[in-house]
Amino acid sequence: MQPAQRALTCLVTGATGYVGGRLVPELLAAGHRVRVLTRAPRKLRDRPWIGQVEVAEADAADAEAVARACADVDVVYYLVHSLGSGPEFEATERRTAEVVARAVREAGVGRLVFLGGLEPEDEELSPHLRSRAEVARVLLGSGVPTVVLRAAVVLGSGSVSFEMLRYLTERLPVMVTPRWVHSRIQPIAIRDVLRYLVGCATLPPDVHRSFDIGGPDVMDYATMMQRYAEVTGLPRRRILPVPVFSPSLSSHWVGVITPVPAGIARPLVESLRNTVVCKEHDIAQYVPDPPEGLLGFDEAVRLAVLKVRNNAVDTRWSGASVPGAPSDPLPSDPDWAGGSLYLDERTKETDAPPEALWRVVEGIGGETGWYSFPLAWEVRGWLDRAVGGVGLRRGRRDPRDLHVGDALDWWRVEELDEGRLLRLRAEMRLPGLAWLEFHVERTDSGRTRLRQKATFHPLGLLGQLYWWSVSPFHGIVFGSMIRNITKTAEASAARSPQEHDRAA
C-alpha cells in the first residue's frame, strides 16, 4: 500500500474476524491510525499489529460503548455480522446496524464503510443477502457519508467461501450437487477487497452510495470447482446436479464434507442460488484498478492454496467466535457467579524436560489429534456436526504455534502462557460450559509435571445428565490423554540428542 495522503483515525469493528483481521495491518501500512472494537480484547493479544493500535472493548450492540469508541474517529469500518446465529440473525443484524449508525452520526464521524453482498435484480434474495441489503439500507440512511461495497464470493486463504470450495473439490471426485451449482457468480480476491476498503477511507465527502465489486471472471459454482481442480493438479471432477437438494439438506451435506458447520453453511448455500454478478464497476473512478488488473480466479486460488500449504494463513473464518458460544468467566475467575461444577483432574510426572512436554501440548489437536481414543473423539465430533455444531473439522491455524483466540477443533484458545499453561474453552453444542487446561511445571525433585483439568458447569437437569452419562468414559479419554502426551514428550526428548549428534 502507498502511504495515505492524510493520516486518518479508523475504527475497525469485527477485528477478530476474517476480513477485519486483515484490514487492520493494511490500514496501518497506508499510514492511518487504527482503533479496533472488540468484545474480547484478549483474542487480539497475539496479533503482530496489536502494539500499533488502540483497543476499545465493547459489544457492537451496546450503544453507549460504541459511542465512546467512535470519539475522534474519522472512518468507521462496519465488518460485524451474525452469520450462523440462528433464525433471528436478520433482526439481530438490523438492530446492531441501527446502534452503530446512531453512534457514528452522534459522534460526528466523517465516513462509514460497509462490506456487504451483491444484490441481484428480479430475484428473491436469500435471507443472508436480504439481511446484508437491510444493513446497507440502515447505514446509508444514517446521515453519515457511507460507502457500501457489495461483493459475492471472497477468495482467500482461510475465508469461509474458499474453505467450502476447497474441501468440496478435494474430497469429492464425483459429486451429486444441487441446482445452485449453475448460478452465475463473480468472485473477488481478498487482496482486491482489502485494496478497495483501504481506498474508501479517503473518498470525497460527497460519495454516498453502493458499489459493486468483483474480479475479472464470471462463472458458476460448478466451473469454480473444475477450475480449482485444474489449478491444484486434481483430476477433472464429475458433477451431477439434481433438483432434490433443499437448502437444509445442502447445508448438512456441506457440513459433513467441509469444516464449515451447517449453521454457517446454510445461509451461504442459500445465497448461492442467487445470481451475484456486478452490474457496474464505478468504484474504479475512485479506487483505480492496479496496473496489472484485478486478480483473476486462477491466480487467487493459486495464492490461497500456497498460503495454506506454507501454513501462512493470516486469518481464518473460524477466528471469529461461533455465534452463541459462551463468553462467561472461567469458574476460577473472580467474577464467577457460582453454581454446580464438575472437575476431572489428573497429574503425571515425567523425566522429559518442560520444553519437550510443552511442544507436545502446544501441538495438540488438528492433524495431530488428541492422544486418546481417536474413535471416541471422532464420534463426538460427528454428533456435534449432526446438531449443527462445529465438530472436529476446524483443525488449527498453524500445526505448531497457537495464539489466544485461535480455533482448535471444537475448542478455542482462551489463555496461553508460553511454556506453562494452555486453556481451551469448548464451542461444541453442550448443555453447559466446558474448559480443558494443561499446566506444565517443574517439581521440587527436578522432574516435569503435567496437570490436566477438565471443567464442566452444567446448565439445568440436562447438563447434569450429560456429565453423568459421559463421566464413565473419562478414564479412557482423559486418562489415556495425559499418559500419551507424556510418552510422546519422552520419546521426543530421547530422539533429540541423537538428532543433534547426526547433525554434528
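## A six-stranded sheet and one cavity

L408 has W411 as its bridge partner in strand 16. That's a handy way into this predicted model, since the strands involved belong to an open, antiparallel sheet of six. Below is a quick look at the sheet, the helices that sit against it and a cavity.

**The sheet**
- Going across, the strand order is 14-19-18-17-16-15, with antiparallel pairing.
- Strand 14 (342–350) and strand 15 (407–408) are the edge strands; each has a single partner strand, so one side of each has no neighbour in the sheet.
- For strand 15, the pairing with strand 16 (residues 411–417) is antiparallel and runs over two bridges.

**Helices against the sheet**
- Helix 11 (residues 354–362) lies across five strands: strand 14, strand 16, strand 17 (421–426), strand 18 (432–442) and strand 19 (448–458).
- Relative to strand 18, helix 11 runs at about 160 degrees.
- Helix 13 (residues 460–470) also packs on the sheet, where it touches strand 14 and strand 19. The direction of helix 13 makes about 145 degrees with that of strand 19.

**The cavity**
- There's one cavity of 30 Å³ or more in the structure, and the largest cavity comes out at about 40 Å³.
- Its lining is made up of L155, P187, I188, A189, G215, P216, D217, L295, G296, F297 and A300.
- Strand 10 (188–189) and helix 10 (297–309) are the elements that give two or more residues to that lining.
- By type, the lining of the largest cavity splits into eight nonpolar residues, two polar and one charged.

Conventions:
Residues are numbered from 1 along each chain as its sequence is written. This is a predicted model: local features need pLDDT of at least 70, side-chain atom pairs count only at pLDDT 80 or more; totals for chains, interfaces and linings use all residues. Side-chain values use heavy atoms; hydrogens and water are left out. Two strands pair if DSSP finds at least two bridges between them. Helices (H or I, at least four residues) and strands (E, at least two) are DSSP runs, numbered from the N terminus. Contact means heavy atoms within 4.5 Å. Axes are lines fitted to C-alpha atoms, for helices over the stretch in contact, and angles run from 0 to 180 degrees between N-to-C directions. On a 1 Å grid over the protein atoms alone, a cavity is a set of points where a 1.4 Å probe fits but cannot get out, and a pocket is an open set with protein on both sides within 12 Å along at least five of seven lines; lining residues have an atom within 4 Å of a point. Grid points are joined across faces, edges and corners, and a volume is the space filled by probe spheres set on the points. Ala, Val, Leu, Ile, Met, Phe, Trp, Tyr, Cys and Pro count as nonpolar, Asp, Glu, Lys and Arg as charged, and the others, Gly among them, as polar.
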